[in-house]
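Student: I should like to examine how the terms used for this structure follow from their definitions. May we proceed term by term?

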Amino acid sequence: MRTETRVPLSRPYLDEREEELVLEVLRSGRLSLGPAIERFEELIGERVGAPYVAAVSSGTAGLHMLCHLRGVGPGDEVITSPVSFVATANCFILEGGVPVFADVDPRTLNLDPDAVEAAITQRTKGIVVVDMFGYPCELDELRAIAERHGLWLIDDSCEALGAEYKGAPIGSHGPPGAFGFYANKQLTTGEGGVVTTHSEEEREQIVILRNQGRSYAARWFHHVRVGFNYRITDLQAAIGIAQLEKLDRMLQMRSAAAARYTELLADVDGVEVPLADDADHKRSWFVYVVKVAEGVDRDAVVQSLSAQGIEAGLYVPAVHLQPYMRDRYGFAKGMCPVAEDACSRTFALPFFPHLQAADQELVVDALREALSA
Ligand SMILES: Cc1ncc(COP(=O)(O)O)c(C=O)c1O
């Protein structure tokens, strides 16, 4: 028998404004390649401090096109993080690139710059860095490594809309990147994403690639390169515009919910709360990921929560140990010990802007009980 969900893992925060703007688009008859997309791009650019933005069908699509534009080819090595979602590596594997996983910093769970530098070989072409769980990575150090070795760098900022590094938003620092707008993200369009770049030429190429290589001047059926259908619709862009209008409030609500969890968990033994911000790193709260102490059976804890209708997620499994990675490349345990340890002990608690304080208490009580069992 299926347990009834009492506290879901994630929920989008939507109101009448999304309905109003979607209805406007429906009534306008411009469902794709229309003005809502351009408006959404402009507004995102302003929000994250990126001069050029192209809206696309997903964060993965954005990352894939950025890798495609860098000419990743068979045998090219690309260094990335094992603590991420598979899309980060897939975006260059799809181009023939070979994933090289560098280990992470145990505090931030983002790429450890020293490990990245140690992983560089003659065949390395680029680095895809990740701002995992909305916590900014060591962008300046990683960028300096890339520059020193003549490598390109892409920022997978899919989880980090609203995060700040050294006082400026992720997206404003220079390296191109992608944000993702799946339903659990800080801002959602259902599915969707944007590429942010500081190069006008790059934005043009993304616009061409997302629309089957159609020329930037958009002459009807005039195709200048091989492309993809990675278009977003105006209906999605309309949802995105409504979400952007209340983004600050939603981020504030997420932040307040995170602070409540941290407070409630202060006297719970056997579990570590997420890393706090410092002067250089301001997290945008995407998920609330806790880590159980060594020796605690994390899976049993998650199972015990789920038996009580509390949705907790095994978030995230190490990418290099996914079945297809083991099969294709022979990757095995021991390659990235810090990441493997973290991924075997972390999980996500229910988390979304309008999560109620009473539900958080329920979650923490259940967690305390599971940990003491
Ligand atoms: C770190 C990371 N990279 C890439 C993606 C891919 O984004 P999308 O699901 O929009 O394709 C996600 C989304 O879940 C993500 O969390």
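Student: Why is Cys336 called buried?

Tutor: A residue counts as buried under 20% relative accessible area, as exposed over 50%, and as partly exposed in between, with a 1.4 Å probe and protein chains only. Cys336 has a relative accessible area of 0%, so Cys336 is buried. Please note that this is a predicted model, in which local features need pLDDT of at least 70 and side-chain atom pairs count only at pLDDT 80 or more, while totals for chains, interfaces and linings use all residues. Residues are numbered from 1 along each chain as its sequence is written, and side-chain values use heavy atoms, with hydrogens and water left out.

Student: What makes Cys158 buried?

Tutor: The relative accessible area of Cys158 is 12%, and Cys158 is therefore buried.

Student: How do you know that Cys158 forms no bond with Cys91?

Tutor: A disulfide is a pair of cysteine sulfur atoms within 2.5 Å. The closest cysteine sulfur to that of Cys158 belongs to Cys91 and is 9.0 Å away, which is too far for a bond. Cys336 is likewise in no disulfide, the nearest cysteine sulfur being that of Cys343 at 9.4 Å. By this rule, the count of disulfides is zero.

Student: Why is helix 3 called largely enclosed?

Tutor: Helices (H or I, at least four residues) and strands (E, at least two) are DSSP runs, numbered from the N terminus. Helix 3 covers residues 59-69, and eight of its 11 residues are buried, so helix 3 is largely enclosed by the rest of the structure. Among the buried residues are Gly59, Leu63, His64 and Cys67.

Student: What covers the buried residues of helix 3?

Tutor: With contact defined as heavy atoms within 4.5 Å, the cover includes strand 1, helix 4 (87-93), strand 5 (152-156), strand 8 (177-180), strand 9 and helix 7 (200-210). Strand 1 (residues 52-56) is itself largely enclosed, because four of its five residues are buried.

Student: How do you know that strand 1 and strand 9 pair?

Tutor: Two strands pair if DSSP finds at least two bridges between them. Strand 1 and strand 9 (residues 193-197) are joined by five bridges in the antiparallel sense. One of these links Val56 to Gly193 of strand 9.

Student: What makes strand 10 and strand 13 edge strands?

Tutor: The open sheet has three strands in the order 10-12-13, with antiparallel pairing. Strand 10 (271-272) and strand 13 (346-349) each have a single partner strand, so one side of each lacks a neighbour in the sheet. Strand 12 (residues 288-292) is joined to strand 13 by four bridges, and Lys291 has Thr346 of strand 13 as its bridge partner.

Student: Which strands does helix 10 lie across?

Tutor: Helix 10 (residues 298-307) lies across strand 12 and strand 13, and runs at about 15° to strand 13. Axes are lines fitted to C-alpha atoms, for helices over the stretch in contact, and angles run from 0 to 180 degrees between N-to-C directions.

Student: Why is the crossing of helix 2 and helix 8 called left-handed or right-handed?

Tutor: A crossing is left-handed if the near helix is turned anticlockwise from the far one by less than a right angle, and right-handed if clockwise. Helix 2 passes helix 8 in a left-handed crossing. Helix 2 (residues 35-48) and helix 8 (residues 234-245) pack at an angle of about 35°, with their axes 8 Å apart. The contact includes Phe40 and Leu43 of helix 2 and Ile241 and Leu244 of helix 8.
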